[in-house]
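Let's take a walk through this structure together, one spot at a time. Have the sequence and the 3D view open as you read.

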Amino acid sequence: MYEETATSLRTHRHVRVQVTGKTVRTGDVIDFGGRGYTVIDVLDFSDGKRGLRFRTGEALIVESDEELSAVRAFRKR
């Protein structure tokens, strides 16, 4: 997974990451066409695909090896 520091806040550090269908997590903000979509639910399908549900109510099905650009929040230590 490729990481690059994007911004910093008081309690969390936000990092730009390259994720795949396998590594995407709830809370990740996926970038589509310059707009951010926050993942609120990740569903596993029997054929290896994953379903992503976003805060906007939209959904997306991705292959397990499909790469996505995202921002992930990490708690500061």
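Start at Ile61, which sits in strand β6, the stretch covering residues 59-62. Keep in mind as you look around that this is a predicted model. Is Ile61 buried or exposed? With a relative accessible area of 54%, Ile61 is exposed, because anything over 50% falls in that class. Ile61 also has company out there: together with Leu43 and Phe45, Ile61 makes a nonpolar surface patch of about 280 Å².

Now hop over to strand β7, which runs through residues 67-75 and holds Arg72. Here the picture flips, since Arg72 has a relative accessible area of 2% and is buried. So what does the side chain of Arg72 touch? Its partner in a polar contact is the side chain of Asp28, at 2.8 Å.

Stay in strand β7 and look for Leu68. Leu68 is buried too, at a relative accessible area of 6%. Set aside the neighbours within four places in sequence, and Leu68 is in contact with Val17, Gln18, Val19, Ile30, Phe32, Leu52 and Val62. Take Val17 from that list: Val17 and Leu68 are 51 residues apart in sequence, yet their C-alpha atoms are 8.5 Å apart in space.

Phe32, one of the contacts of Leu68, leads us on to the aromatic rings. How many aromatic pairs does the structure hold? There are three. One of them joins Phe32 and Phe54, whose ring centres are 6.1 Å apart with the planes at 85°, so this pair is edge-to-face. The pair links distant parts of the chain, with Phe32 in strand β3 (residues 29-32) and Phe54 in strand β5 (residues 50-54), 22 residues apart. The two partners differ in how much they show: Phe32 is partly exposed at 31% relative accessible area, whereas Phe54 is buried at 4%. Tyr37 joins in as well, because ring pairs link Phe32, Tyr37 and Phe54 into a cluster.

Time for the charged residues. A search of the whole structure turns up four salt bridges, and we'll visit some of them. Asp41 forms one with Arg53, where the closest N and O atoms are 3.8 Å apart. Asp41 belongs to strand β4 (residues 35-44) and Arg53 to strand β5, so this salt bridge ties together parts that are twelve residues apart in sequence. Both partners are partly exposed, Asp41 at 25% relative accessibility and Arg53 with a relative accessible area of 42%.

Another salt bridge brings together Asp44 and Arg50, with the closest N and O atoms 2.7 Å apart. This one has an exposed end and a buried end: Asp44 counts as exposed at 60% relative accessibility, while Arg50 is buried with a relative accessible area of 14%.

Our last stop is the salt bridge between Glu63 and Lys49, where the closest N and O atoms are 3.6 Å apart. Which parts of the chain does this pair tie together? Glu63 lies in the loop between β6 and β7, and Lys49 in the loop between β4 and β5, so the pair connects parts that are 14 residues apart in sequence. Glu63 counts as partly exposed at 37% relative accessibility, and Lys49 is partly exposed as well, with a relative accessible area of 27%.

How values were computed: Residues are numbered from 1 along each chain as its sequence is written. This is a predicted model: local features need pLDDT of at least 70, side-chain atom pairs count only at pLDDT 80 or more; totals for chains, interfaces and linings use all residues. Side-chain values use heavy atoms; hydrogens and water are left out. Patches are made of residues with over 30% relative accessible area and no salt bridge: like charges are joined within 9 Å, nonpolar side chains (Val, Leu, Ile, Met, Phe, Trp, Tyr) within 5 Å. Accessible areas come from the Shrake-Rupley method with a 1.4 Å probe; for residues, only the protein chains shown count as cover. A salt bridge is a side-chain nitrogen of Lys or Arg within 4 Å of a carboxyl oxygen of Asp or Glu. Helices (H or I, at least four residues) and strands (E, at least two) are DSSP runs, numbered from the N terminus. Buried means under 20% relative accessible area, exposed over 50%, partly exposed in between (1.4 Å probe, protein chains only). A polar contact is a pair of N or O atoms within 3.5 Å; within protein, one must be able to donate a hydrogen and the other to accept it, and residues adjacent in sequence count only if both atoms are side-chain atoms. Rings of Phe, Tyr and Trp (its six-membered ring) pair if their centres lie within 6.5 Å; planes under 30 degrees apart count as stacked, over 60 as edge-to-face and the rest as tilted. Contact means heavy atoms within 4.5 Å.
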